[in-house]
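Reader: Before we discuss the empty space inside this model, please set out each term as you use it.

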Amino acid sequence: MKQKEIFKFAKKIIKHERSLTGRGNIRTLKEIKKINKDLKIKSFKSGSKAFDWTVPNEWNVKNAYLVTPEGKKICEYKSNNLHLVGYSQPVKTNISREQLQDHLYSLKKQPSAIPYVTSYYKKAWGFCIEDKLRKKLKRGNYKVFIDSKFKKGKMVYGEIIIKGKSKKEILLSTYICHPEMANNETSGISVLTFLASWIKK
């Protein structure tokens, strides 16, 4: 395995807008399939049940952002997927800074970090923001724009089976459901993709 190849692959997939469901997941799996032709892409329909868990509706986002009273666009989804709370409802409105605070998430102990927040089963919306930027937000009206859609779709996953001489099974797995994070949602996918390719050889 070449480190440069793994890093190049990681750079390619990190921006895919991944969640439990949605376009970014299938794009990620298709990138893996380019390297591992044996990858089988499988799915479960929305509403399917697995023990106490139910596959939610498919969620896709075109864009989302806030516009400050000064007219500056912040927390843009296209610049960083983490800015939008996962599974946020579509919103187009104007609200005050005080009202907006109920929909903002930040980390006081990590003022430069964008937290990862989701709301899979509760109808809600929100934005994740660096705490240092949150403290600088001025009074006034803020434009809220979230262009998201829900539909009865599917949750996709990938599977590669490499047969050996033994009947025993070794399972190697990685998540693909978290957006734009290096560890493990990019590094895990990248390393396992090339590890599978190496094991087959």
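Author: The turns below concern cavities and one residue that lines them.
The model is predicted, so local features need pLDDT of at least 70 and side-chain atom pairs count only at pLDDT 80 or more, while totals for chains, interfaces and linings use all residues. Residues are numbered from 1 along each chain as its sequence is written, and side-chain values use heavy atoms, with hydrogens and water left out.

Reader: What makes a space a cavity, and how many of 30 Å³ or more are there?

Author: A cavity is a set of points, on a 1 Å grid over the protein atoms alone, where a 1.4 Å probe fits but cannot get out, and lining residues have an atom within 4 Å of a point. By this rule there are 2 cavities of 30 Å³ or more. The largest holds about 80 Å³, and the second largest about 40 Å³, a volume being the space filled by probe spheres set on the points, which are joined across faces, edges and corners.

Reader: Which residues line the largest cavity?

Author: Its lining includes Glu17, Ser19, Trp59 and Tyr77. The lining of the second largest cavity also has Glu17, Ser19, Trp59 and Tyr77 among its residues.

Reader: Why is serine 19 called buried?

Author: Serine 19 has a relative accessible area of 3%, and buried means under 20%, exposed over 50% and partly exposed in between (1.4 Å probe, protein chains only); serine 19 is therefore buried. Leaving aside neighbours within four places in sequence, serine 19 is in contact (heavy atoms within 4.5 Å) with residues including Asn25, Trp59 and Cys177.

How values were computed. 1 Å grid on protein atoms, 1.4 Å probe; cavity = no way out; pocket = protein on both sides within 12 Å on 5 of 7 lines; lining within 4 Å.
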